[in-house]
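Hi,

Here is the structure I promised to pass on to you. Have a look at it first, and then read on for what turned up when I went through its pockets.

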Amino acid sequence: MLNIFPLFSINGYRVNIKDWSKEHRDRILDLVPDVQKQTNMGSRIHYTDYYNDSIPPYQSELMKVVSPYIEDFSKENGINHIATLWCQKYKSGDYHSPHDHGSVGWSCVLYAKIDSDVHPSTQFFPSFPDETGCKKGKSFQVEEGDLIIFPAHLLHMAPPHYDDKMRIIFSFNLI
């Protein structure tokens, strides 16, 4: 009889930010500028401040909210520095094509404003194909206020949605 054994595993983490929608969401989102910025990333994103060299106006307030969760993660994984932070807003039809965040560290996505009934969550792709030669994507249901943390090298994308509701995320890298 053949016994199956796993060869590789890639773990991610998910936590829901306590009181995100009641206490924090609107206050922090009000600090995000409401201007459209085109990207050259092979994607269609209504707004991103990824290319902004200055400190985002929401950084201090957002870090107050997520820091306790990042500290718990840091103790377990030896991470001690938030390298970058940005916000992205997606309108109907917007998407972010498959990409990674480099070979070192972790990446985080906070689903700041999302309707899980109409907005797909981040889709992840394995680093290597399965035995049929395919790199099948995988995603999971998220809720508003969920913070996910995953290896920065993991290929991922924001699939398009086709609803009038805006999907807004904050993302940052940990090293």
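The largest pocket in this predicted model has 23 lining residues, and those nearest its centre are Ile10, Phe124, Pro126, Lys138 and Leu154. Three elements each give two or more residues to that lining: strand S1 (13–16), strand S6 (123–125) and strand S7 (146–151). Of these, S7 gives the most, with three residues. In volume, the largest pocket comes to about 660 Å³. As for chemical character, its lining is made up of 13 nonpolar, five polar and five charged residues.

Now for the other site. The second largest pocket holds about 270 Å³ of space. Which residues lie closest to its centre? They are Gln88, His96, His99, His101 and His156, out of 22 that line this pocket.

The strands that supply at least two residues each to the lining of the second largest pocket are S3 (82–90), S4 (96–99), S5 (106–113), S8 (155–158) and S9 (167–174). S9 has the largest share there, with four residues. Sorted by class, the lining of the second largest pocket contains 11 nonpolar, nine polar and two charged residues.

If you set up views of both sites, Ile10, Phe124, Pro126, Lys138 and Leu154 mark the middle of the largest pocket, while Gln88 and the four histidines, His96, His99, His101 and His156, do so for the second largest.

Happy to talk it through whenever suits you.

Best wishes

Definitions and conventions
Residues numbered from 1 in each chain as written. Predicted model: local features only at pLDDT ≥ 70, side-chain atom pairs only at ≥ 80, totals over all residues. Heavy atoms only, no water. 1 Å grid on protein atoms, 1.4 Å probe; cavity = no way out; pocket = protein on both sides within 12 Å on 5 of 7 lines; lining within 4 Å. Points joined across faces, edges and corners; volume = space filled by probe spheres on them. Nonpolar A, V, L, I, M, F, W, Y, C, P; charged D, E, K, R; others polar.
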